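Here is a short tour of a protein model, written for someone who likes to look inside. Please keep the structure open beside the text as you read.

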Amino acid sequence: GARWCVVEGDCLDVMRGMPDRSVPHVITDPPYGIQDAPIQGQGRTGKRAGAVNDWHPVSEWDGAIDARWVEECGRVGKVVAWFGHWRKRAEVEAAMGYIAIRCEIVWAKDCHVGPPCPAAMADERIWVFSDSGIEPQHFETTVWNEPIIPTWARREHKNEKPLRLMQRLVAWLSSPDDLILDPFCGSGTTGVAALRLGRRCILIEKDARYAALARERMTAEEQGSTLQARRAGQMPLLGGG
């Protein structure tokens, strides 16, 4: 059967049609700074990105997260890995529901590959949540040094995650043939990492341009090629390696 699919649509609509605890692993990097809806009970103003709020100086991270995203991921997923800024942990943890946080990974972005990163953007958190019956292998706080894709390099998405980082996360949290859901798949890096490591995946993307891009990348990966090679008309590599 199919090892992957890309669903074009609103992740809330898609996930609401999925049963509780139906996905072993949710791995996702949600968009920040674009939502109006505040997470209730956390002192948020609910103002648009760029507006002064009641917690800290204005930045890309200050826009409120739609709590429904968090709640649905916590409902359908047995293990949820969620990317975010350290300032957002209380909000995300409060909205995740009845699965608890098990560990926090600090992704140090190693910005020496280009212009210096602003201090506030030099690292990012990956919070791993799970229900009481499912535990990741390790629970200690972990620092992962993985360079970002520099701004001068070829990017398919403005916030594209490094493939090596996503492979490391997929390998750490899951086992071969496990199913992984990414409700905000962007250019599909989570899916590429999943296929490369023998996992199955469901990718959801609201933007038609990125949904098409993710399908193109996944098709290339499934054929043993890459997006760039496929676009250049190169034949896929066959055999080992």
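What follows covers the nonpolar cores, a helix, a lysine and some backbone angles.

**The cores**

Please bear in mind that this is a predicted model. Its largest nonpolar core has 29 residues, and those touching the most other members are Ile27, Leu169, Trp172 and Leu173. Two or more residues come from each of β1 (4-8), β3 (77-84), β4 (100-108), β5 (123-130), α4 (163-173), α5 (189-196), β8 (200-205) and α6 (208-222). The biggest share, six residues, is that of α4. Leucine 169 makes a good starting point for a closer look: beyond residues up to four places away in sequence, leucine 169 touches Ile27, Ala81, Phe83, Ile105, Ile126 and Trp144. A second core, separate from this one, has 25 residues, among them Trp69, Val70, Trp82 and Phe184. In soluble globular proteins, nonpolar side chains tend to be buried together.

**An enclosed helix**

Why is α5 described as largely enclosed by the rest of the structure? Seven of its eight residues are buried, so α5 earns that description. The buried ones are Thr189, Thr190, Gly191, Val192, Ala193, Ala194 and Leu195. Their cover includes β1, β2, α4, β7, β8 and α6. Just after α5 comes glycine 198, with a positive phi of about 80°.

**A buried lysine**

Now move to the loop between β6 (142-145) and α4, where lysine 161 sits. Is lysine 161 buried or exposed? Its relative accessible area is 11%, under the 20% limit, so lysine 161 counts as buried. The side chain of lysine 161 forms a polar contact of 2.3 Å with the side chain of aspartate 29. Setting aside neighbours within four places in sequence, lysine 161 is in contact with Asp29, Phe83, Trp107, Glu124, Ile149, Met166 and Thr189. Thr189 is also one of the buried residues of α5.

**Positive phi outside glycine**

Most residues other than glycine have a negative phi. Arginine 21 has a positive one, and so has aspartate 177. Both residues are listed here with their loops.

| Residue | Phi | Loop | Relative accessibility |
|---|---|---|---|
| Arginine 21 | near 55° | between α1 (11-15) and β2 (23-28) | 16% |
| Aspartate 177 | near 80° | between α4 and β7 (179-182) | 40% |

At 16%, arginine 21 falls under the 20% cut-off and therefore counts as buried. Aspartate 177, at 40%, lies between the 20% and 50% limits, so this residue counts as partly exposed.

Methods. Residues are numbered from 1 along each chain as its sequence is written. This is a predicted model: local features need pLDDT of at least 70, side-chain atom pairs count only at pLDDT 80 or more; totals for chains, interfaces and linings use all residues. Side-chain values use heavy atoms; hydrogens and water are left out. A nonpolar core is a set of buried Ala, Val, Leu, Ile, Met, Phe, Trp, Tyr and Cys residues joined through side-chain atoms within 4.5 Å. Buried means under 20% relative accessible area, exposed over 50%, partly exposed in between (1.4 Å probe, protein chains only). Helices (H or I, at least four residues) and strands (E, at least two) are DSSP runs, numbered from the N terminus. Contact means heavy atoms within 4.5 Å. A polar contact is a pair of N or O atoms within 3.5 Å; within protein, one must be able to donate a hydrogen and the other to accept it, and residues adjacent in sequence count only if both atoms are side-chain atoms.
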